[in-house]
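Visitor: I would like to learn how to read a few features of a structure, beginning with charged pairs. Please show me the case at hand.

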Amino acid sequence: MTRDMLKQTLTETAETVLARRYYLKDKNGTPLENWESLCRRVANAVAIVDREDEQYESLRDSFFNMIYHLDFLPNSPCLMNAGTDLGQLSACFVLPVDDSMDGIFTSIRNGALVHKTGGGTGYSFSRLRPKNSAVQSTQGVASGPLSFAAVFDAATETIKQGGKRRGANMGVLRVDHPDILDFIHAKEDQTRFTNFNFSVAITDQFMDAVRNDREYDLVDPSNGTVVKSLRALKVFEEIVDLAWHNGEPGVLFIDAANRANSTPQLGQFEATNPCGEQWLLPYESCNLGSLNLEKYVNDGAVNWDRLGKTVHLAVRFLDNVIDCNRFPIPEIAEMTQKTRKVGLGIMGLHDMLIQLELPYASEEGRQASAGVMQFIRREAEMASVQLAEVKGHFPAYDKHQNDYPARRNAALTSIQPTGTVSMIADCASGCEPYFSIVTEKNVMDDDRFLMANKHFEMVAREDNFYSDALMEKVAESGTVIGHSEIPEKWQEIFRTAQDITPEEHIKMQGALQNSGVDSSISKTINLPSTATKDDVRFAYMLGFDLGCKGLTVYRDGSREHQVLSTVSKDQESTALVSSQGIVQKKKLPDVLSAKRYRLKDANRNTIYLIVCFDDDENPMEVFAKFPFDNRVDLKDKSTMWTTTCRLVSLALRYQIPMDEIIKQLDRSSGHMLDLPAQLGKLLKSFMAGTQHGFASTCPECSGKLIFEEGCEICRDCGYSKCS
C-alpha cells in the first residue's frame, strides 16, 4: 500500500478544531464534510488555475496529498473558504490610513470588508496629524491617531469574520510621532482597543539615541515640522515598562524591514499584519502556508530530498492562490497581483529538533534550525524562478532596480502563527517550543485526565522512565526540569517555552531571521512572572542587535489582571475584637485586579465567580454574577450564592486563615447548590499555588489561554484572540 492510499488519522483535538472552525456546515450547524473532503475541496479550488496544463490532474492530486497527509497546510482562510462562494483565501492585509476624513473612513470601510472575509489587517496611524494640531478645512483641531484608532476598534467589534474568525488588527505608530507617549500607554488598560495589537515602529536613529542617551525629534507628519524633542532613553523606558506590565506595545524595527524591501520603487513599509510576521506595503495582501517539519525527519536525519520537493509544490500552491483568490476590494487585488508575495513558513520546528535529539535552546539546535530555514528559502527561490520562466515574473519586477533573479514572487518566506493549523497537524506551533509537555484536561466537573506530549511519552516508555506518577509530577510542576526520574539529556531536549531563557528565545529568532526569512517572524519571547524590566530591556536590545524585524515579549501572568471592580469609600478599615486581640480588617484600594471563573451548579446552570486580589495576589473578595437573575424559580439560589460570597469576602478581609474558611465551606457543602464546595475548591487551588499566574480562561471552552506567537490562544479548542 502506497503512502497516498493510507487513511490519515487525526487526533481528537484536531477533529474538534475542524468541526468547530473549518468544516462547511448546513443551516443547523451540522458538518457537511470530513478531513478528506475538505482537502479535496481546497486542492481542487487552487489547482483549477492550471486546468489547461497537461499536468493538471497530477498537480491537483499532489496538492491534495500534501495537505491531507499534513506535510503542508495553508492558512485558515484558504482552508475555510477555498471552493466556496466567499473565495477569499488570504490571511494578511495592510491598509493605508491617510490624513483626511475621507481617507480614514475609507480605510475603516475597507477593513470591515477584509474582516468579513476572514483576513486580518494592519494599519499605520503615523500619517495622521497629532491631537490638537490645526485643521484648516474646519478651523478646528485634530483629535489625533488614538481617537480614530478607537473608531477602527469599534468597527471591528461589530464584524465577525466569515462567521468563523474574529476581527484582528495591528496598530502601528512611529516612535517619532508627536503622540507617541499616548500610544505607548493606550493599552495600559486592557479593556481598551481589545481588537488591536499595538506596536511602536522604532527607527535605527532612535535606537542610536537610546544607546547614547540623546534627545530625538518628534515630527508632525502633516507638514514635516519638528514639534519638540524627547529624551530617547526615557521613551524607551516607557515602552519597556508597559511591555513588562502586559506585553504591549510590541516593537517593530522598521528600518531593518525596509532594508529588506524587495520593491522599494513601490514604496516603504509602514505596518505589518496583526501578528507582526508579514511586512506589507499599503493595499498588499499575502497568503501563507506552513511546512510541517516533523514530517521530514527519518531515522534521526532530515530528509532533504522530500523537503525540497514539498517546498517546490507549496510555492506553486501559494502562487496559484493569488490567481484564484477573490479579493475584498479592487485596490488589494491590483497591488497583490503586482508583487505576488507569498509567505511560506514552518511549524513543528520543536518536533523536528526533538527527533534530531537537539535541545531548542542549544547552539546546535539553532544551527540545525537555521540550516533548514536556509534550505527552504533557497529551494523556494529556485521554485519561484522556475515558475517565472513558465508564467512570467511578478509585474513589479524591474531588472534595473532589483538585484535578484527574475522570479514569480516578490517575497517568499515568513514564519507565521499556526495556532489552530498546528493543532490540526498535532505539532508545535510555528517556530515556538512546546508550551507544556504534560497537561491536565478536565471533562465535566470532576473527571480529569493527563495529556502527554507524544514524543515525550514515546521516549519515556522506550527508555523505561514512564510512570503515571511521573506524568502527574510533570503536569503539576509545569516542567520536565528537576525530575530525577528523567535523564538530563531528555530534560534539556524537552525544555518548554518557559524553561528557555529569553536570550535563547531571541537567539533562535535571530538565527531564523538571518538564515532565510524574507519578511519577519511571529514569536513570543516568554518571560517568567519574576522577570524584571531589565530583562525586557535586554530582550529588545538583543533583538535589535541580532537583526530581528520585530519583537513581542510576554511576562507570565501579566495580562490576566483586569480592572473589574472598585471598592466604595464606606469600605474603610474597621476593627474586630477577638480573644486574640484586635484583628484589622484589611483596607483595600479603590481599584483591584480580578479574575472571572465560569462554573456550573448541580443543574448545569452557569454562574460566574469574580475573585478580586490584593497586590500580593491574595484573594480578598468574592462576587457572584448570574445569567439567571430574572428567573423567578432561581431567585432563592441567587440570594444564597450572593450571601455566601459576602460572608467569604468578609472572612478574607478580616484575614481569617484560609484553611479555616475552607474547612467551614467543606462542612457546609450540600446537594442543593454545592456552592461552598466549589468555593472551597477554588480557594484550595490558591493555597496550593496551582492558580499561579491566574491564566486567562478560554471564552468558548473554559480551557486555559496561553500567550504564544504574539497572541492568546486555547490549545483545547483552537480559539484565538487574533483570529
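Guide: The model is a predicted one. In it, a salt bridge joins the side chains of Lys454 and Asp426, with 3.3 Å from N to O. Lys454 belongs to helix α16 (residues 454–462), while Asp426 sits in the loop between α15 (419–425) and β19 (438–443), so the pair links distant parts of the chain, 28 residues apart.

Visitor: Are Lys454 and Asp426 buried, exposed or in between, and why?

Guide: Buried means under 20% relative accessible area and exposed means over 50%. Lys454 is partly exposed because its relative accessibility is 31%, and Asp426 is partly exposed at 30%.

Visitor: Which residues are joined into one network by salt bridges that share partners?

Guide: That network consists of Asp50, Asp53, Arg316 and Lys391.

Visitor: What is the general idea behind such pairs, and how many salt bridges does the whole structure hold?

Guide: Side chains of opposite charge can pair when their charged atoms come close. A search of the whole structure gives 39 salt bridges. One of them is between Arg211 and Asp545, at 2.6 Å from N to O. This pair also links distant parts of the chain: Arg211 is in helix α8 (residues 204–211) and Asp545 in helix α20 (residues 533–545), 334 residues apart. Arg211 has a relative accessible area of 43% and is therefore partly exposed; Asp545, at 48%, also counts as partly exposed.

Visitor: How far apart are the closest N and O atoms of Arg60 and Asp61?

Guide: They are 3.6 Å apart, and the two residues form a salt bridge. Arg60 is partly exposed at 23% relative accessibility, and Asp61 is partly exposed at 32%.

Visitor: Next, helices. How is the span of helix α3 read?

Guide: The distance from first to last C-alpha is set against the span expected at 1.5 Å a residue. Helix α3 (residues 56–68) has 13 residues and reaches 18 Å, close to the expected 18 Å. Its buried residues are Tyr56, Leu59, Phe63, Phe64, Asn65, Met66, Ile67 and Tyr68. Their cover includes α2 (35–47), β1 (72–74) and α11 (304–324). After α3 comes Leu70, with a positive phi near 65°.

Visitor: Last, the surface. Which residues form a nonpolar patch there?

Guide: Met101, Phe105 and Val151 form one, with about 270 Å² of accessible area together. Val151 lies in helix α6 (residues 145–157). Val151 counts as partly exposed because its relative accessible area is 32%.

Technical notes:
Residues are numbered from 1 along each chain as its sequence is written. This is a predicted model: local features need pLDDT of at least 70, side-chain atom pairs count only at pLDDT 80 or more; totals for chains, interfaces and linings use all residues. Side-chain values use heavy atoms; hydrogens and water are left out. Patches are made of residues with over 30% relative accessible area and no salt bridge: like charges are joined within 9 Å, nonpolar side chains (Val, Leu, Ile, Met, Phe, Trp, Tyr) within 5 Å. Accessible areas come from the Shrake-Rupley method with a 1.4 Å probe; for residues, only the protein chains shown count as cover. A salt bridge is a side-chain nitrogen of Lys or Arg within 4 Å of a carboxyl oxygen of Asp or Glu. Helices (H or I, at least four residues) and strands (E, at least two) are DSSP runs, numbered from the N terminus. Buried means under 20% relative accessible area, exposed over 50%, partly exposed in between (1.4 Å probe, protein chains only). The expected span of a helix is 1.5 Å times one less than its number of residues. Contact means heavy atoms within 4.5 Å.
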